[in-house]
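Some labels in structural biology look like opinions until the value and the cut-off are put side by side. The questions here ask where such labels come from.

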Amino acid sequence: MVLFDSHCHLTDRAYISCLDEIVKRAKENNVQYLLTAGLNIKDSQAAVTIANKYPDTYCSVGIHPHDAKTMRDGDMEHLEKLATANLKVKAIGETGLDFYRCYSDPVSQEKAFHMQIDLAQKLALPMIIHIRDAYSEAKAILIQHNYFKGVLHCYSGDELFANWAIKQGFYISFAGSITYDSASLKNIAQKIPENSILIETDAPYLTPQPLRGKRNEPSYVKYTAQIIAQLRKCSIEHIADITTQNAKKLFKI
């Protein structure tokens, strides 16, 4: 069995003193592939460094909607240089809209989202998209650009939006939150085509049951795979295989 944690944050300070152990433990738990997602310019640079250090570890570069207010002139050029100079960079993001926390104002978030979609399209790279309480706004922006290559990470929307996104060509990624008491999310995971599913941890956040309360890490992605297997009445080996193949196809690995 081979697993792919398609979205984690190995740059997080929670891992500063133990990153080698975290990566080693992931491999010991069949998590062969990892993708660490960039949150801002500095974090994206760190993500590239980590991806280049460890085998079968990849990254994305981008500006998270929470960090959109920090965006400066030249940031897109910087991200472009990181992406074109490093073969381990497989996507742009995470980008998108978060009107739930609103750590950055909506105007800044939308500007950053527009610019990163343009960059992804220019480089022919997939996007890692974060959407929370902004699905109609994100949909309008994506339609405006007519670029639908990527994944809706840590999906939290409804079935209608998921079906629309899949029809356009997006993948839907499930994190540890699917192990919580979420009937709607479980219903989506049960119904959508298997060739549209990715799995992730979003570590160190969203620790799955039965470990909720502890710091999350990539080795725990197996719990997300297990519950999706239960929902779809198939083996965890099948879910591991199909989600790994999906991720490798999306990120061209």
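What follows is a set of questions and answers on this predicted model.

Q: What makes the eight strands an open sheet with two edges?
A: The strands follow the order β1-β2-β3-β4-β5-β6-β7-β8, with parallel pairing. β1 and β8 each have a single partner strand, so one side of each is left without a neighbour in the sheet. From one strand to the next, the twist averages 30°.

Q: How do you know that β1 and β2 are paired?
A: Two strands pair if there are at least two bridges between them. Four bridges join strand β1 (residues 3-8) to β2, so the condition is met. The two strands run parallel. As an example of a bridge, D5 has L34 in β2 as its partner.

Q: How do you know that β2 also pairs with β3?
A: The cut-off is again at least two bridges. Strand β3 (residues 57-61) is joined to β2 by three bridges, so these strands count as paired. They too run parallel. Opposite T36 stands C59 in β3.

Q: Why is β2 called largely enclosed?
A: A residue is buried when its relative accessible area is under 20%. In strand β2 (residues 31-36), five of the six residues are buried, so the rest of the structure largely encloses this strand.

Q: Which helices lie on the sheet, and at what angles?
A: Helix α2 (residues 41-53) lies across β2, β3 and β4 and runs at about 165° to β3. Angles over 145 degrees count as roughly antiparallel, so α2 is roughly antiparallel to β3. α6 packs on the sheet as well, touching β5 (127-132), β6 and β7 (171-174). The direction of α6 makes about 130° with that of β7.

Q: Why is α3 called roughly parallel to α4?
A: Helix α3 (residues 75-85) and helix α4 (residues 106-123) pack at an angle of about 30°. Angles under 35 degrees count as roughly parallel, so the label applies to α3 and α4. Their axes are 11 Å apart, and the crossing is right-handed.

Q: What makes up the contact of α3 with α4?
A: From α3 come M76, L79, E80, A83 and T84, and from α4 come M115, Q116, L119, K122 and L123. By class, the residues of this contact divide into six nonpolar, two polar and two charged.

Q: Why is Q116 classed as it is, buried or exposed?
A: Q116 lies in helix α4. Its relative accessibility is 0%, and buried means under 20%, so Q116 counts as buried. Leaving aside neighbours within four places in sequence, Q116 is in contact with G62, I63, M76, L79, I92, G93 and T95.

Q: How do you know whether N246 is buried or exposed?
A: N246 belongs to helix α9 (residues 236-251). With a relative accessible area of 6%, N246 falls under the 20% cut-off and is therefore buried. Not counting residues up to four places away in sequence, N246 touches Y171, E194, N195, S196, I197 and L198.

Q: Why is N163 called partly exposed?
A: N163 is in helix α6 (residues 159-168). The relative accessible area of N163 is 39%, which lies between 20% and 50%, so the term is partly exposed.

Q: What makes C102 and N146 worth listing by phi?
A: C102 has a phi near 55°, a positive value in a residue other than glycine. N146 has a phi near 55° too, again positive and again not in glycine. C102 lies in the loop between β4 and α4, while N146 is in the loop between α5 (135-145) and β6 (150-152).

Q: Why does C102 count as partly exposed and N146 as exposed?
A: C102 has 34% relative accessibility, between the two cut-offs of 20% and 50%, so it is partly exposed. N146 has a relative accessible area of 56%, which is over 50%, so N146 is exposed.

Q: Where are the cis peptide bonds that join G93 to E94 and A203 to P204?
A: The bond between G93 and E94 has an omega of about 20°, and E94 is found in strand β4 (residues 89-98). The bond between A203 and P204 has an omega of about 15°. P204 sits in the loop between β8 (197-199) and α8 (221-232).

Technical notes
Residues numbered from 1 in each chain as written. Predicted model: local features only at pLDDT ≥ 70, side-chain atom pairs only at ≥ 80, totals over all residues. Heavy atoms only, no water. Axes fitted to C-alpha atoms, helices over the stretch in contact; angles between N-to-C directions. Parallel < 35°, antiparallel > 145°, perpendicular 65-115°, else oblique. Left-handed = near helix turned anticlockwise from the far one by under 90°. Contact = heavy atoms within 4.5 Å. Nonpolar A, V, L, I, M, F, W, Y, C, P; charged D, E, K, R; others polar. Buried < 20%, exposed > 50% of the residue type's maximum accessible area, 1.4 Å probe, protein only.
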